[in-house]
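Visitor: I would like to go through this model term by term. Please set each value against its cut-off.

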Amino acid sequence: MADTQQVDAKAERKAAKLARQIDAFSKAHGGAEGQVAYIGEEGARIVLVGEDGGWGDLVAPSYAIAEQAVEKAGITVHEAFDGEFAAKVKTGPYEWTRMAGIQLGGPSNT
């Protein structure tokens, strides 16, 4: 029973830390919305999109912890990263260059 309590306390601390990071992102970007996606054994990805179009992501060790974190942060959470939510993301030259590099086999080392 003590092991379960330790795991729960650790999960609670991780969710609280992620919620603080989400809050900081939200404050820096005039508000934020998010989406939680399961990424396998690694846990869950929390994609954040700010009101200014800035974006970022965090990785939680489990889907449950990710859900707890976004709930604590009080942000709007979308079921999918599409439609109006995805359209809020603003990308710049860095992102387009990076995406092109990935499509073409990665950046050249020459």
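The talk below takes up confidence, the sheet, burial, contacts and the core.

Guide: This is a predicted model, in which local features need pLDDT of at least 70, side-chain atom pairs count only at pLDDT 80 or more, and totals for chains, interfaces and linings use all residues. Residues are numbered from 1 along each chain as its sequence is written, and side-chain values use heavy atoms, with hydrogens and water left out.

Visitor: What is the mean pLDDT of the chain, and which element has the lowest?

Guide: pLDDT is the predictor's confidence in each residue, from 0 to 100. The chain has a mean of 87, with 80% of its residues at 70 or more. Among the elements, helix α4 (residues 93–103) has the lowest mean, 67, and α2 the highest, 97. Helices (H or I, at least four residues) and strands (E, at least two) are DSSP runs, numbered from the N terminus.

Visitor: How do you know that β1 and β2 pair?

Guide: Two strands pair if DSSP finds at least two bridges between them. Seven bridges join β1 to β2, so the requirement is met; the two strands run antiparallel. One of the bridge partners is I46 in β2, set against V36. The two strands form a hairpin with five residues between them, and G40 in the turn has a positive phi of about 90 degrees.

Visitor: What makes β2 and β3 a pair?

Guide: Six bridges join strand β2 (residues 44–50) to β3, again antiparallel. Across to β3, I46 is matched with L58, V47 with D57, and R45 stands opposite V59. Four residues lie between the strands of this hairpin, where G53 takes a positive phi near 95 degrees.

Visitor: In what order do the strands lie, and why are β3 and β4 at the edges?

Guide: The open sheet has four strands in the order β3-β2-β1-β4, with mixed pairing. β3 (55–60) and β4 (76–78) each have a single partner strand, so one side of each is left without a neighbour in the sheet.

Visitor: Why is E33 called buried?

Guide: Buried means under 20% relative accessible area, exposed over 50%, and partly exposed in between (1.4 Å probe, protein chains only). E33, in strand β1 (residues 32–38), has 10%, so E33 is buried. Q35, also in β1, has 9% and therefore counts as buried too. In β2, six of seven residues are buried. Along β3, G56, L58 and A60 point to one face and are buried, while W55, D57 and V59 point to the other and are not.

Visitor: What makes the pairs of E33 with H78 and K88 polar contacts?

Guide: A polar contact is a pair of N or O atoms within 3.5 Å; within protein, one must be able to donate a hydrogen and the other to accept it, and residues adjacent in sequence count only if both atoms are side-chain atoms. The E33 side chain reaches that of H78 at 2.4 Å and that of K88 at 2.3 Å, so both distances are within the limit.

Visitor: Which residues have the most contacts inside the largest nonpolar core?

Guide: A nonpolar core is a set of buried Ala, Val, Leu, Ile, Met, Phe, Trp, Tyr and Cys residues joined through side-chain atoms within 4.5 Å. The largest one has 18 residues, and I22, I46 and L48 have the most contacts inside it. α1 (2–28), β1, β2, β3 and α2 (63–73) each supply at least two of its residues. Contact means heavy atoms within 4.5 Å. Not counting residues up to four places away in sequence, I46 touches residues including I22, V36, L58, A66 and V70.
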